[in-house]
Amino acid sequence: TRNEGLPPSPEVRALARHISISASKTRRAVDQTRYRPHEQAPTIPEFTPHRACDPVPRLIPSAAANASRLGLSKAEPFVGGAEAGKGTSYKRLRPRAKGRAYPMRKHTRHATIVVRQGHA
């Protein structure tokens, strides 16, 4: 492997759970922040007009705060990993004609940001 023989870099995670946004929009915001320095990463999605660009960049300062709380040094932390996974689905009923109801699912997503030390 690429990192064979090297010590693992410490990493800290921050999660946003049950975001009610589609998967493609969440992945678009997450992909923009991956492998960026943690100072630069929240400002990139700030100028894109997607709804997921609100909750995802808020995770980066949270992960950096978790890292400082756990005693990791602030020597060049970067967003080492970011992913958008499937969350729970809320089941709702949609009213239809003649008193009927059709089932409907409202999907949610979980976003994960991993902050590591070192270089990207």
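## Sheet, helices and core

In β3, R109 is the residue that bridges to K86. That pair belongs to an antiparallel match between β2 (residues 78-95) and β3 (residues 101-116), which runs over 15 bridges. Keep in mind that this is a predicted model. Here's a quick tour, starting with the strands and working through the helices to the core.

**The sheet**

- Three strands make up an open sheet, ordered β1-β3-β2, with antiparallel pairing.
- β1 and β2 sit at the edges, each of them pairing on one side only.
- On average, neighbouring strands here are turned by 15° against each other, ignoring direction.
- As a general point, strands of a sheet pair through backbone hydrogen bonds, and they can do that in parallel or antiparallel fashion.

**The β2-β3 hairpin**

- β2 and β3 form a hairpin, and five residues lie between the two strands.
- Within that turn, K98 has a positive phi of about 60°.
- Besides the K86 and R109 pair, K91 of this structure stands opposite R105 in β3.

**Helix α1**

- α1 packs on the sheet, where it touches β2 and β3.
- The direction of α1 makes about 165° with that of β2.
- A23, T26, A29, V30 and T33 are the buried residues of α1.
- Look down the axis of α1 and those buried residues fall within an arc of 135°, so they line one face of the helix.
- What do they pack against? The buried residues of α1 pack against α2, β2 and β3.
- After α1 comes Y35, which has a positive phi near 60°.

**Helix α2**

- α2 lies across β1, β2 and β3.
- Relative to β1, α2 runs at about 140°.

**The nonpolar core**

- The largest nonpolar core has 18 residues, and the ones touching the most other members are V56, L59, V79, A111 and I113.
- β1 (11-19), α1 (23-33), α2 (59-69), β2 and β3 each put at least two residues into this core.
- Leaving aside residues up to four places away in sequence, V56 touches T26, A29, V30, A111 and I113.
- Three of the names on that V56 contact list, T26, A29 and V30, also appear among the buried residues of α1.
- A111 and I113, on the V56 list too, are among the core residues that touch the most other members.

Methods:
Residues are numbered from 1 along each chain as its sequence is written. This is a predicted model: local features need pLDDT of at least 70, side-chain atom pairs count only at pLDDT 80 or more; totals for chains, interfaces and linings use all residues. Side-chain values use heavy atoms; hydrogens and water are left out. Two strands pair if DSSP finds at least two bridges between them. Helices (H or I, at least four residues) and strands (E, at least two) are DSSP runs, numbered from the N terminus. A nonpolar core is a set of buried Ala, Val, Leu, Ile, Met, Phe, Trp, Tyr and Cys residues joined through side-chain atoms within 4.5 Å. Buried means under 20% relative accessible area, exposed over 50%, partly exposed in between (1.4 Å probe, protein chains only). Contact means heavy atoms within 4.5 Å. Axes are lines fitted to C-alpha atoms, for helices over the stretch in contact, and angles run from 0 to 180 degrees between N-to-C directions. The arc is that of the directions from the helix axis to the C-beta atoms.
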